[in-house]
Amino acid sequence: MYNPVVSSITPAYSFMKLERRKAVDGVDFAIIGVPFDMAATNRTGQRYGPQHIRNFSGMIRPYNPDQRIKVFDYCVGVDYGDVEVIPGNIHRTYQNIEKELDPIFKRNIIPVMMGGDHSITLAHLRAAAKHHGPIALVHFDSHCDTWDELFGEKYSHATPFRRAVEEGLVDVEHSIQIGMRGSLFEPEDVDGAIELGFKVLTMREVRNIGFESVIKEIHERVGDKPVFVSYDIDFLDPSYAPGTGTPEVGGPTSFEGLEFVRRLDGLNIIGFDLVEVLPAYDSGDITAAAAANIIYEMVSLIALKRRDQNIKK
């Protein structure tokens, strides 16, 4: 089993210094960068997010004390590198993402995708649904991303989940969006997601009902359905993640952001992405630190799942 050598001082050119290769035979997960930001508004530069996250990830060590597991004792992963994106052409970029993900899903490997802006999630969901049918969605964000259009465009980082519902990719009855907050243009900015069938927990509701109730709500909503987890880094309060395109105050701490992922243990997760990291606004690399560790917690969930499967055997 491949066990990366993790150093606190040597730069990481791959995530956690995993072997960087396209071949995925014999692995449990693949870290994949998608450096696309042509569908973003406000601040741009998310195309540099994947390598920014990789650069910090060299600090991450293989033993997860919160989950009490040494990750690479139970699962094998590679850094797949980056999908080839087409600047200015979102649809050809979508085609490339789907093409790269198809053999990964076919082998039951879990793709862990780093954005890039949130528009890329639609292509990830298309590839996932091709192999799993309509899937549950757990979506951490400060925005619902269910607008019908933005500046007259149907495909942007504000529209992926409406398109996903329209295309039959998402089972909304088993899906939940968490953390929405901030000023809106209209009530429909949130009400539209509810009308589509999503369960929506705004940040105020998260605070009112408490962390444990939110976790219970997630597990009850998703059940045993195959589930995709999409994590916009602006879910975190900008004091913990300033390096993002559309920050909204009043969000979770980095500890809380990590805990939400840790407590997804037990769900049938088939894919994960983390998006909207923008290095140019990242003071002291604190957004990269949060993002890299959130991805590490996702990888830890994969290790926990493989460990539990081995125990059952």
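**Note on the predicted model: sheet, helix packing and local backbone**

1. Strand 1 and strand 5 are paired in the parallel sense, with six bridges between them. Within this pairing, isoleucine 32 is set opposite methionine 113 of strand 5. The model is a predicted one, and the points below should be read on that footing.

2. Strand 5 also pairs with strand 10, again parallel, through three bridges. Here methionine 113 stands opposite aspartate 273 of strand 10. Methionine 113 thus has isoleucine 32 opposite it and aspartate 273 opposite it as well.

3. As for burial, six of the six residues of strand 5 are buried, and the strand is mostly covered. Ile110, Val112 and Met114 point one way, Pro111, Met113 and Gly115 point the other way, and all are buried. Such a pattern can be set beside the general rule: in a regular strand the side chains alternate between the two faces of the sheet.

4. The sheet to which these strands belong is open and has eight strands, in the order 4-1-5-10-9-6-7-8, with parallel pairing. Strand 4 (77–82) and strand 8 (199–202) are the edge strands; each has a single partner, so one side of each lacks a neighbour in the sheet. From one strand to the next the twist averages 15 degrees.

5. Strand 9 (residues 226–232) and strand 10 (residues 268–275) run parallel and are joined by seven bridges. One of the residue pairs is aspartate 232 with valine 275, the latter in strand 10. Helix 2 (residues 90–106) packs on the sheet and touches strand 1 (29–34), strand 4, strand 5 (110–115) and strand 10. The direction of helix 2 makes about 155 degrees with that of strand 5.

6. Helix 2 also packs against helix 3, at an angle of about 35 degrees and with the axes 8 Å apart. The crossing is right-handed. On the helix 2 side the contact consists of Tyr94, Ile97, Glu98, Leu101, Asp102, Phe105 and Lys106. These meet Leu122, Ala123, His124, Arg126, Ala127, Ala128, Lys130, His131 and His132 of helix 3. Sorted by class, the contact has eight nonpolar, three polar and five charged residues.

7. How do helix 8 and helix 9 cross? The axes of helix 8 (residues 254–262) and helix 9 (residues 286–312) come within 9 Å and cross at roughly 20 degrees. The two helices are therefore roughly parallel to each other, and their crossing is right-handed. Leu258, Val261 and Arg262 of helix 8 make the contact with Asn293, Ile294, Glu297, Met298 and Leu301 of helix 9. Five nonpolar, one polar and two charged residues take part in this contact.

8. In helix 8 the buried residues are Gly257, Leu258, Glu259, Phe260, Val261 and Arg262. Their cover includes strand 6 (136–140), helix 6 (203–209), helix 7 (211–222), strand 9 and helix 9. Leu258, Val261 and Arg262 are among the buried residues and are also the helix 8 residues that meet helix 9.

9. Phenylalanine 56 is part of helix 1 (residues 49–57). With a relative accessibility of 22%, phenylalanine 56 counts as partly exposed. It lies 232 residues from alanine 288 in sequence, yet the C-alpha to C-alpha distance between the two is 6.2 Å. Leaving aside residues up to four places away in sequence, phenylalanine 56 touches Asp285, Ala288, Ala289, Ala292 and Asn293. Asn293 is also named in the contact of helix 9 with helix 8.

10. Some backbone values deserve a check by eye. Most residues other than glycine have a negative phi, and most peptide bonds are trans. Glycine 115 and glycine 116 are joined by a cis peptide bond, with omega about 15 degrees. Glycine 116 is in the loop between strand 5 and helix 3 (121–132).

11. Aspartate 145 has a positive phi, near 55 degrees, and is not a glycine. This residue sits in the loop between strand 6 and helix 4 (160–166). Aspartate 145 counts as buried, at 9% relative accessibility.

12. Glutamate 276 likewise has a positive phi, about 75 degrees, although not a glycine. The loop between strand 10 and helix 9 contains glutamate 276. At 3% relative accessibility, glutamate 276 counts as buried.

Terms used:
Residues are numbered from 1 along each chain as its sequence is written. This is a predicted model: local features need pLDDT of at least 70, side-chain atom pairs count only at pLDDT 80 or more; totals for chains, interfaces and linings use all residues. Side-chain values use heavy atoms; hydrogens and water are left out. Two strands pair if DSSP finds at least two bridges between them. Helices (H or I, at least four residues) and strands (E, at least two) are DSSP runs, numbered from the N terminus. Axes are lines fitted to C-alpha atoms, for helices over the stretch in contact, and angles run from 0 to 180 degrees between N-to-C directions. Contact means heavy atoms within 4.5 Å. Angles under 35 degrees count as roughly parallel, over 145 as roughly antiparallel, 65 to 115 as roughly perpendicular and the rest as oblique. A crossing is left-handed if the near helix is turned anticlockwise from the far one by less than a right angle, and right-handed if clockwise. Ala, Val, Leu, Ile, Met, Phe, Trp, Tyr, Cys and Pro count as nonpolar, Asp, Glu, Lys and Arg as charged, and the others, Gly among them, as polar. Buried means under 20% relative accessible area, exposed over 50%, partly exposed in between (1.4 Å probe, protein chains only).
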